[in-house]
Amino acid sequence: MGRAFVYVILGGGVAAGYAALEFAKRGVSPGELCIISEEPVAPYERPALSKGYLLPEVPARLPSFHTCVGANEERLTPKWYKEHGIELVLGTRVKSADVKRKTLLTATGETISYKILIIATGARALRLEEFGVTGSDAENVCYLRDLADANRLVDVMQSCTGGNAVVIGGGYIGMECAASLVINKINVTMVFPEAQFMARLFTPKIASFYEQYYVSKGVKFVKGTVLSSFEIDSNKKVTAVILRDGSRLPADMVVVGIGIRPNTTLFEGQLTLEKGGIKANGRLQASYESVYAVGDVATFPVKLIRENRRLEHVDSARKSARHAVAAIMDPEKTGEFDYLPFFYSRVFALSWQFYGDNVGEVIHFGDFTGGKFGAYWVHKGHLVGSFLEGGTKEEYETIAKATRLQPVIDDLAMLETQGLGFALAVSQKPSASPPMEISSSASTVVLEKPVYVCHATVGVLVATAVAAFAYWYGRRRRRW
């Protein structure tokens, strides 16, 4: 017994919802598209789980954050899928896949066949047991990856008001959950092996600003060590965290955020894997022509960086899903995916965005005492990455545009002095010069050579004045 569809999306996360909307926009016929998800609910905006969902007052709850509200588009409720003839197969695990036969076998024994498959299986949270530490099954040890995890975390938080929480990990989940715990009036200690938190992205100077802010909110840091074991009472609850350096931290709850691993198991030995994900080309097409990969599970060419990357962020999931559907439905008019890597977070009253790649020499600018500040990354004489804290919507768009242009940087000292004004100047001047070639070891790519208005004195003065005005009167974006 089985069902057949033209298109099947395997996975029910952010990418699935945005792919479904793109299919609908491009005229998919009723009955042609199916989404298979292990979760019992329609696709939703996963970032809400570590932000609005954990708020003590007026928390976000479904159906308010179904996709695609995160991009200010339609909210795709189960009713929407039904109205568009899109089949939702929820609460269903696929136990095997056969890309040659174009079939998926569910845990209940049903065979679902397809003509085109989009793999949007995302990733799973790494468990402590994978690092030799037991205790994940304790009642007050929490992870955060899906709605069930979020519900459990909320229940545990509500029973721990005024108590002590230990957050294991200093990345995205650790950073955002620690803020939410503080807002819920819980004492927080963060533990991670690196010398700073958000070590994969932040410079030491940027990290220091956020760490000092967290300290001002009562958060404590234990760096350079890792969890060794738990003390667990007769009720199967953790009462203390034991660290490798011998420290003992009393704990009423523990939140673990130590990374993720892409869900590729079903396709190992069938599709080409690279950098932990499913290797895809510039059209998000995997090594089998009827299969596409999007979101956290996909490793694809990032043209701006000129190498294959697997990116773990909601923006990549949204945009790669849309592009894959465009490539499927309108291949003649769809070129290669040209993605500008983008990361952001909103914690407490802070809000930052990063674009590009964090390689090369770093130039910091702005007010690190609590105002607007940022950084540029310069590699091989070009701007390749930009970071801004406390910007307006327009300012974030400006650094994104400047980063995509990859202008030549001749004077690092001037770049520091101009700060945000540099990005304003570069982004406001259209490119008019002929293309230039930049050779790399892997390939030769053609980029447009921008006209660098930063060398025009008047332009610099005007842009710097605009930046100064925006600094004093700029508004902060609210957390959603």
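1. What span should the 13 residues of helix H5 have at 1.5 Å a residue, and how far apart are its end C-alpha atoms? The expected span of H5 (residues 204-216), taken as 1.5 Å times one less than its number of residues, is 18 Å, and the end C-alpha atoms are 18 Å apart, which agrees. Helices (H or I, at least four residues) and strands (E, at least two) are DSSP runs, numbered from the N terminus.

2. This is a predicted model, in which local features need pLDDT of at least 70, side-chain atom pairs count only at pLDDT 80 or more, and totals for chains, interfaces and linings use all residues. Residues are numbered from 1 along each chain as its sequence is written, and side-chain values use heavy atoms, without hydrogens and water.

3. Buried residues (under 20% relative accessible area, 1.4 Å probe, protein chains only) in H5 include Ile 206, Phe 209 and Tyr 213. Just after H5, Gly 218 has a positive phi of about 100°.

4. Five strands form an open sheet in the order S4-S3-S2-S8-S21, with parallel pairing; two strands pair if DSSP finds at least two bridges between them. S4 (87-89) and S21 (291-293) stand at the edges with a single partner strand each, so one side of each has no neighbour in the sheet. S2 (residues 7-10) and S8 (residues 116-119) are joined by four bridges, and Tyr 7 stands opposite Ile 116 in S8.

5. Arg 61 lies over the face of Tyr 53, at 3.8 Å from the ring centre; Arg 127 lies over that of Tyr 143, at 4.0 Å. The criterion is CZ of Arg within 6 Å of the ring centre and within 35 degrees of the ring normal.

Definitions and conventions:
Buried < 20%, exposed > 50% of the residue type's maximum accessible area, 1.4 Å probe, protein only.
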